[in-house]
Amino acid sequence: MLVIGIESSAHTFGVGIVKDGKVLSNAKSMYKITNKGMIPIEVAEHHIENAASTIKKAVLEAGISFKELEGVGYTMGPGLGPCLQVGQLSAKALAYKLNIPLLPINHGLAHIEITKHMERLKDPLVLYVSGGNSQLLVFNKEERRYIILGETFDMGVGNAIDNLARKLGLEHAWGSEVEKLAKDGKYIKMPYTVKGMDFAFTGLLTNAIGMLKKYSVKDILFSFQETAFAQLCEATERALLLTKKSELCVCGGVAQNNRLAEMLTSIAEEHNIRFARTKNEFNSDNGAMIAIVAEKEFLKGKRCSIKRCDIKQRYRVDEAVFYG
Ligand code: FE2
């Protein structure tokens, strides 16, 4: 089945096309985040300006024509309302014009499922880490949905990293830059919060910002990363012992961080289980992940009337029933 997926929940307007589980194209246009962070209406304006050209680019790169498309998926949520609306309306317009079915997809579910699909995982323990979310999950086959075993009490780890980068005045205030600058820093003791399989980052963030008068940016970034990731790893290890899964994967924007992957790899080795993460292209927000989930759902016969295809800003991953 030939399916197009549209992702627009935050700074990326992404359009992916898949056929029978194979990604044919994955085009994107990204809003440039300034040190003010993301202003939803400005990001939505970026998406409006770039929607048509990104859709066309994806179709061109896939080497298909619009008429061949058989289904459309779009991100229903969670995300920024005005941004989600641009993706929703673009997807509706395509579905009406081409007279093909439309499905709303949960963003977190798409991050997890593209990782499982690409890495051929069967039933992993999932660590989903991004700007908006940080969760430990497993799939419940009876209920056909993910269950959250542990999650952040306050903010996503990616949001904490971006916030710290902005507060420390980094020129490029995002995760990859933090990872680069944090290399070879010295460890400073920072507050550490894990409760069972839950964790928190606000105290750590406030403390790290306050250290700027006394310590170098490099040492602060290094220590922040080590502490935040150690929290995630402690909770992950606890979840592994509880669930006894033989596969562990990490997904979402922060999954691109090599230090986190290194720490998770050593946990997997210690427990003699498989660890997987997929390519960066599919861990950052992208349209292909939406198309992959939509195709699986279409093939299971799932349909939604176009008029009822809505957006939901606070759409938790454990609310999304998945038959794919
Ligand atoms: Fe995401």
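**Note on the predicted model: strand E1, the iron site and the overall fold**

1. In strand E1, the residues Leu2, Ile4 and Ile6 point one way, while Val3, Gly5 and Glu7 point the other way, and all of them are buried. This arrangement can be set beside a general rule: in a regular strand the side chains alternate between the two faces of the sheet. The structure discussed here is a predicted model.

2. How enclosed is strand E1? The strand covers residues 2-7, and 6 of its 6 residues are buried, so it is largely enclosed by the rest of the structure. Buried here stands for a relative accessible area under 20%.

3. Strand E1 pairs with strand E2 (residues 12-19) in the antiparallel sense, over 6 bridges. The connection from E1 to E2 is a hairpin of 4 residues. Within this pairing, leucine 2 stands opposite lysine 19 of E2.

4. Strand E1 also pairs with strand E4 (residues 71-77), here in the parallel sense and over 4 bridges. Isoleucine 4 has valine 72 as its bridge partner in E4. Isoleucine 4 is also one of the buried residues of E1, pointing the same way as Leu2 and Ile6.

5. Which residues supply the protein donors of the iron ion? They are His107 and His111, each through NE2, and Asp285 through OD, at 2.1 to 2.2 Å from the ion. Along the chain, these donors follow the spacing H-x3-H-x173-D. Histidine 107 and aspartate 285 thereby link distant parts of the chain, being 178 residues apart. Histidine 107 belongs to helix H3 (residues 107-119), whereas aspartate 285 sits in the loop between helix H9 (280-283) and helix H10 (287-299). Both histidine 107 and aspartate 285 are buried.

6. The chain as a whole contains 10 helices and 12 strands. Of its 324 residues, 56% count as buried. Among the contacts with a separation of 6 or more, 76% are made by residues 24 or more positions apart.

7. Why may the chain be compared with a compact globule? For 324 residues, such a globule would have a radius of gyration near 20 Å, and the chain has 20 Å, so the two agree. The C-alpha trace spans about 60 × 45 × 30 Å along its principal axes. The accessible surface of the chain amounts to about 14,500 Å², and 52% of this surface belongs to carbon and sulfur atoms.

Terms used:
Residues numbered from 1 in each chain as written. Predicted model: local features only at pLDDT ≥ 70, side-chain atom pairs only at ≥ 80, totals over all residues. Heavy atoms only, no water. Donors = N, O, S within 2.8 Å, 3.2 Å for Na, K, Ca; no water. Helix = DSSP H or I, 4+ residues; strand = E, 2+ residues; numbered from the N terminus. Buried < 20%, exposed > 50% of the residue type's maximum accessible area, 1.4 Å probe, protein only. Pairing = 2+ DSSP bridges. Rg over C-alpha atoms; globule rule 2.2 N^0.38 Å. Contact = heavy atoms within 4.5 Å. Areas by Shrake-Rupley, 256 points an atom, 1.4 Å probe, with all protein chains shown as cover.
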